[in-house]
Amino acid sequence: MLRPLMEKVVVIGSGCAGWTAALYTARANLQPFVLTGKQPGGLLTTTSIVENYPGFPEGVDGYELMTRMQKQAERFGARARFGTVEKADFSKRPFALVVDGDKIEAKTVIIATGASHRHLDVPGEDFLETKGVTYCATCDGALPVFRNQLLVVVGGGDSACEEALYLTRFGSVIHLIHRRDTLRASKIMSNRALSNPKIKPVWDSVVTEVLDVKQDKVTGVRLKNLKTGAESVLNCAGVFIAIGHSPNADIFKGQIEMDANGFIVPKEGTMTNVPGVFVAGDCADHVYRQAITAAGMGCAAAIDAERFLAAQNH
Ligand code: NAP
């Protein structure tokens, strides 16, 4: 049996919030231990070009940005372990975490577990995932099965516009299906998407079923117009779902205070209802949800954790 390790700071999550928290706590000489989660680098690694992270006038590849953040934190002594937290006990200090069967003890914890792609929850969606249904155009868009095909993107936010624009490189026509008649996306992204001749918006409509389970691949979507009630089938070879995210915080339920949608609610600064447990990034932010705001919150959580430890004479 492995001896429990006692860490001063454990950062759960390795997105913008996690690596920034690690950078700041590393520079405070706290040798943070970063548990990467099952997607090291977080959601940004699935984005192509990030154009709104300050300091990169030409934009930066999402994967590269995260690799750079990791290297920067490691340069000052942060350590990373690939792994997912299975259990967390915040009932007493030191806190106890179980990661892939190993117990880790921590004086402070920074939760930076981010968010995951939301699902439509319609028939056919789960069954046809990886058979034409995907949540990441940059990961899957270039697959041969989507080349020169009719494709569908669902959603009306920046992600949906970004996915649709990216897919214009591969598909013949990209149908952008949105449940209202105006996009939620920022003006610049909306204009880019709507002025692209390959992108055809389908307004006021929702996907009610992904077809065709019997054929074991995506052949189309069943649509419902919410204004007229009319139903139709739109043929396509791929369905790219970009309808937002839900927080990855279920594992902390019952211990850490959350809102009705499962986002962690900080009590004071970045401190949660449990003194010594801090939170940063998309798992606590349903408003801004930007790489830069997550990084800023990671910085704040690190400073809060450092002050907490100092007050405890650690
Ligand atoms: P979002 O802004 O929350 O948009 C989600 C979209 O999906 C909305 O249009 C919403 O419709 C729709 N939707 C939600 N649930 C649905 C359902 N069950 N069925 C059908 N449609 C549904 O999410 P996001 O686009 O992923 O963006 C998240 C954050 O990241 C935002 O702050 C965004 O600005 C940022 N982001 C920025 C960039 C960029 O600047 N390059 C790129 C990607 C993301 P309604 O509009 O009707 O609510």
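Lys131 lies over the face of Phe127, 4.6 Å from the ring centre. This contact belongs to a predicted model, as does everything described below. A second charge is placed in a like manner: the charged end of Arg27 sits over the ring of Phe76, at 4.6 Å from its centre.

**Aromatic rings**

The structure holds six aromatic pairs. In one of them, the ring centres of Phe278 and Phe308 are 5.9 Å apart and the planes meet at 75 degrees; an angle over 60 degrees counts as edge-to-face, so the pair of Phe278 and Phe308 is edge-to-face. The two residues come from distant parts of the chain, 30 residues apart: Phe278 belongs to strand β19 (residues 277–279), and Phe308 to helix α6 (residues 291–311). Both Phe278 and Phe308 are buried. Elsewhere, Phe90, Phe95 and Phe252 form one aromatic cluster.

**Strand β8 and its partners**

Strand β8 spans residues 102–111, and seven of its 10 residues are buried, so the strand is largely enclosed by the rest of the structure. Strand β7 (residues 95–99) runs antiparallel to β8 and is joined to it by five bridges. Within this pairing, Val98 has Lys103 of β8 as its bridge partner. The two strands form a hairpin with two residues between them. Asp100, in the turn, has a positive phi of about 45 degrees.

β8 also pairs with β19, here in the parallel sense and over three bridges. In this pairing Ile111 stands opposite Val279 of β19. Strand β19 thus appears in two of the contacts described here: it pairs with β8, and it carries Phe278 of the edge-to-face pair.

**Ligand surroundings**

There are 20 residues around the ligand, and those that come nearest are Asp158, Ser159, Arg180, Arg184 and Gln290. Helix α4 (residues 158–167) supplies the largest share of this shell, with three residues. The table gives polar contacts to oxygen atoms of the ligand.

| Residue | Polar atom from | Distance to a ligand oxygen |
|---|---|---|
| Gly157 | backbone | 3.4 Å |
| Arg180 | side chain | 2.7 Å |
| Arg289 | side chain | 3.2 Å |

Taken alone, the ligand exposes 910 Å², and the protein buries 81% of that area. Arg180 figures both among the residues that come nearest to the ligand and in the table, where a polar atom of its side chain is 2.7 Å from a ligand oxygen. Gly157, by contrast, makes its contact through a polar backbone atom.

**Two single residues**

Is Ser205 buried or exposed? Its relative accessible area is 5%, and the limit for a buried residue is under 20%, so Ser205 is buried. Ser205 is found in strand β14 (residues 205–211). Along the chain, Ser205 and Leu97 are 108 residues apart, and their C-alpha atoms are separated by 44 Å.

His286 lies in the loop between β19 and α6, the two elements that hold Phe278 and Phe308. With a relative accessible area of 43%, His286 is partly exposed. The C-alpha atoms of His286 and Phe263 are separated by 7.3 Å, although the two residues are 23 residues apart along the chain.

Technical notes. Residues are numbered from 1 along each chain as its sequence is written. This is a predicted model: local features need pLDDT of at least 70, side-chain atom pairs count only at pLDDT 80 or more; totals for chains, interfaces and linings use all residues. Side-chain values use heavy atoms; hydrogens and water are left out. Rings of Phe, Tyr and Trp (its six-membered ring) pair if their centres lie within 6.5 Å; planes under 30 degrees apart count as stacked, over 60 as edge-to-face and the rest as tilted. Helices (H or I, at least four residues) and strands (E, at least two) are DSSP runs, numbered from the N terminus. Buried means under 20% relative accessible area, exposed over 50%, partly exposed in between (1.4 Å probe, protein chains only). A charge sits over a ring if NZ of Lys or CZ of Arg is within 6 Å of the ring centre and within 35 degrees of the ring normal. Two strands pair if DSSP finds at least two bridges between them. A residue is near a molecule or strand if one of its heavy atoms lies within 4 Å of it. A polar contact is a pair of N or O atoms within 3.5 Å; within protein, one must be able to donate a hydrogen and the other to accept it, and residues adjacent in sequence count only if both atoms are side-chain atoms. Accessible areas come from the Shrake-Rupley method with a 1.4 Å probe; for residues, only the protein chains shown count as cover.
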